[in-house]
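Student: Could you take me on a close look at a single part of this model, and then show me how that part sits in the rest? I am new to reading structures, so please go step by step.

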Amino acid sequence: MIGIFGKLRSKHDRAVLLLVFWLLLALIGPLCSSYNPGAISSQPVFSGPSTAHLLGTDYLGRDTLSRLLDGIRHTVLLCFASTLLSCSIGTFMGIAAVTSKSWVEVLAGRVADGFLAIPSLLFALLVIAVFGTSTVALIMTMGVIYMSGAYRTSRALSQSVAQRDFVTMARARGEQMTYIIVQEILPNIAGPMMADIGLRFIYSVLLLSNLSFLGIGVQPPSVDLGSMVRENMLGVVYGSPAMIVPVIVIAVLTVGINVTLDSHGRKD
Amino acid sequence: MKNSLPKLIGKRCLAAATSLVFVVVTVFAVTNILPGDATDALLGQNATPQTVAALRHGMGLDQPIFFRFWSWLWAAVHGEFGHSLLNGLSVADAIGPRLHNSLLLAGAAALIAVPASLFLGITSAIWKDTFYDRIVSIMTLGVVSVPEFVIATIAVYVFSVRLHLLPAIVDVGSVHSLGQFLYAFFMPVTTLALVSLAQMVRMTRAAMADTLSASYIEMALLKGIGPVRLILVHALPNALGPIVNAVALSLSSLLGGVVVIEVVFTYPGIAGLMVDAVSSRDVPMVQACALVFCVTYLILTTFADIVTILSLPRGRKA
């Protein structure tokens with residue numbers, strides 16, 4: 001293990017490795033579960049761990065482990081999709097704002113700044129009130145919210161790169177805007193940008209969990225980590241794993257990536 | 001002088017006004033973007049083309065969008081937010097007392113969080129890389145990394161379920177004395193303070209550590225200045241700007257925290273009202289709550305930015 005981590009010198013590589021781990025768990029995990037996440041077993045509700053149900057049962061007597069794996073799938077995939085959306089568009093717009101100074105970019109900057117004036121959870125509430133809680137609406141909402149952050153980061157990062165000679169050179173050659181953005185600037189800001197993407201992923205996990213916990217995120221019969229905590233709140237009295245384990249999984253997921261990104265932030 | 005102090009503050013206020021316009025337009029646009037409108041929700045299955053047309057005319061929905069925006073804004077400025085789609089009650093009447101409750105909760109939490117985070121942030125920057133600093137860093141990173149409801153549910157589990165010390169639900173009506181106030185508010189306020197504190201501690205620490213690594217601090221140290229004078233006279237004034245800024249930015253997490261805390265403790269505040277309105281898709285209520293929240297947030301951040309400008313000599317030139 002130390003050998004592997006020794007090779008992955010930069011924090012970005014390790015954060016990416018963690019992200020890949022969670023993605024794999026989200027994709028493969030549900031295939032390994034021995035119960036249908038919606039199936040109600042013969043066990044009493046909030047039963048403790050047993051050999052049949054490794055993490056016990058939830059408030060309806062369903063297998064907690066199967067639901068947990070399904071919940072991880074929803075949380076990770078939804079947040080990954082929204083991060084992909086926000087960071088791809090945000091990064092592109094950020095570099096474009098530095099590369100060209102047309103009024104479209106100026107306007108985009110103003111809009112991005114404006115979005116920062118609205119707290120993210122509030123904006124999510126506002127949008128969900130109108131568009132409902134469908135999967136697409138959730139992904140789009142979180143995507144739009146964190147787009148302005150990605151935009152600002154990439155704009156700040158590409159500011160110095162855009163001044164370098166090879167960009168001037170490419171411009172002088174008469175290259176297209178898209179070419180300069182994708183081929184010249186993007187590779188030079190990719191490293192720090194990865195760290196930003198990791199952070200945005202964490203933010204969206206936090207936001208989605210909060211929304212689902214409030215009952216306005218992922219809706220039953222689907223389940224994610226936040227809504228799992230919500231529906232098993234009664235189990236807190238019995239110290240049920242159905243309520244405690246999803247809390248721990250959220251913490252491990254977010255703290256893990258945060259620590260990876262943070263620990264080297266000081267040394268680099 | 002090109003950038004005098006009043007000019008900078010004026011510039012900041014102008015930026016705030018721009019943000020305000022953006023916020024107001026966004027709130028209106030988002031809630032009017034859908035093809036269907038309130039008449040569908042109100043009439044439901046009874047909708048015939050005639051009743052829809054009559055109601056649309058009655059509600060002014062057949063007017064052009066700019067006119068509607070203007071009359072909506074005009075009414076909102078006068079505290080008239082329309083009526084709830086759910087029960088027909090005046091939105092302003094529903095929000096009034098709950099806004100007071102929310103401000104009480106957030107204000108009490110800020111009163112604890114701001115001094116505590118300044119203390120923790122500054123001390124951990126001074127004793128950088130010690131055991132104390134590491135503990136504070138790990139704790140705050142942990143709090144920043146988990147959703148707010150996790151902290152709140154842990155608090156409920158420990159203090160209400162296990163220890164039977166504090167109530168899990170806040171009964172605002174029963175508060176008549178300071179003792180009852182502390183009893184009812186202790187858990188929600190401390191939880192909210194803890195949630196918003198973490199980010200502030202981290203940013204304060206970063207700002208202070210940044211200042212302490214400057215060469216003039218080393219110079220002052222070499223001159224033989226005592227540690228108290230070094231911190232208070234040399235370092236703190238220069239770190240003040242970033243610290244105030246950090247506090248302002250953390251107000252965003254305070255607002256996010258208010259939403260979750262109010263729901264967990266079934267606290268009768270405006271955030272809980274908004275979550276209920278979102279679940280039932282009560283658009284006028286959501287609009288009004290969002291406006292109140294955003295304007296409060298905007299006022300706080302603008303105020304903090306002006307304090308930053310006033311406190312930082314460098315800021316006057318920037």
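Tutor: Let's start with helix α5 of chain B, which runs over residues 91-126 and has 36 residues. From its first C-alpha to its last, α5(B) reaches 50 Å, close to the 52 Å expected at 1.5 Å a residue. Please keep in mind that you are looking at a predicted model. Follow the helix with your eye and you will come to a kink of about 25 degrees, centred on Pro97(B).

Part of this helix also carries a label from a record. The unreviewed UniProt entry annotates residues 103-126 of chain B as a "transmembrane region", and gives the same annotation to residues 138-160, 180-198, 239-265 and 285-312. In the model, the stretch 103-126 of chain B is 100% helix and 0% strand, with its end C-alpha atoms 34 Å apart. For residues 138-160 of chain B the figures are 91% helix and 0% strand, and there the end C-alpha atoms are 26 Å apart.

That second stretch begins at Ile138(B), a residue placed in helix α6 of chain B. Is Ile138(B) buried or exposed? Ile138(B) is exposed, because there are just 12 other C-beta atoms within 10 Å, and a residue with 12 or fewer counts as exposed. For a sense of distance, compare Ile138(B) with Asn87(B): the two are 51 residues apart in sequence, and their C-alpha atoms are 47 Å apart in space.

Now move along to α7(B), a helix of 15 residues. Its ends, taken from first C-alpha to last, are 20 Å apart, close to the 21 Å expected at 1.5 Å a residue. The buried residues of α7(B) are Glu148(B), Phe149(B), Val150(B), Ile151(B), Ala152(B), Thr153(B), Ala155(B) and Val156(B). After α7(B) comes His164(B), which has a positive phi, near 55 degrees.

Let's step back to chain B as a whole. It holds 13 helices and 0 strands. Of its 318 residues, 38% are buried. Among contacts in chain B with a separation of 6 or more, 73% join residues 24 or more positions apart.

How many residues of chain B are in contact with chain A? There are 40 of them, and they touch 31 residues of chain A. On chain B's side, the elements giving two or more residues include α6 (131-145) and α7 (148-162), along with α1 (5-32), α10 (227-264), α11 (270-279) and α12 (283-311). By type, this side divides into 29 nonpolar, 9 polar and 2 charged residues.

The partner, chain A, has 10 helices and 0 strands. Its C-alpha trace spans about 75 × 50 × 30 Å along the principal axes, and 49% of its 268 residues count as buried. In chain A, residues 24 or more positions apart account for 69% of the contacts with a separation of 6 or more.

Finally, a word on confidence. Chain A has a mean pLDDT of 81, and 93% of its residues reach 70 or more. Over residues 1-7 of chain A, though, the pLDDT is below 50, and beyond near neighbours in sequence this stretch has 1 contact in the model. Residues 264-268 of chain A also have a pLDDT below 50, with 2 contacts beyond near neighbours in sequence. Where pLDDT is low, the predicted coordinates should not be read in detail.

Notes: Residues are numbered from 1 along each chain as its sequence is written. Chains are lettered from A and ligands numbered from 1 in the order in which they are written. This is a predicted model: local features need pLDDT of at least 70, side-chain atom pairs count only at pLDDT 80 or more; totals for chains, interfaces and linings use all residues. UniProt positions are given in the numbering used here, feature names are shortened, and annotations may be inferred rather than shown by experiment. Helices (H or I, at least four residues) and strands (E, at least two) are DSSP runs, numbered from the N terminus. Two residues are in contact if their C-beta atoms, placed from the backbone, lie within 7 Å. Ala, Val, Leu, Ile, Met, Phe, Trp, Tyr, Cys and Pro count as nonpolar, Asp, Glu, Lys and Arg as charged, and the others, Gly among them, as polar. The expected span of a helix is 1.5 Å times one less than its number of residues. The bend at a residue is the angle between axes fitted to the seven residues ending there and the seven starting there. A residue is buried if 20 or more other C-beta atoms lie within 10 Å of its own, exposed if 12 or fewer, and partly exposed in between; C-beta atoms are placed from the backbone. pLDDT is the predictor's confidence in each residue, from 0 to 100.
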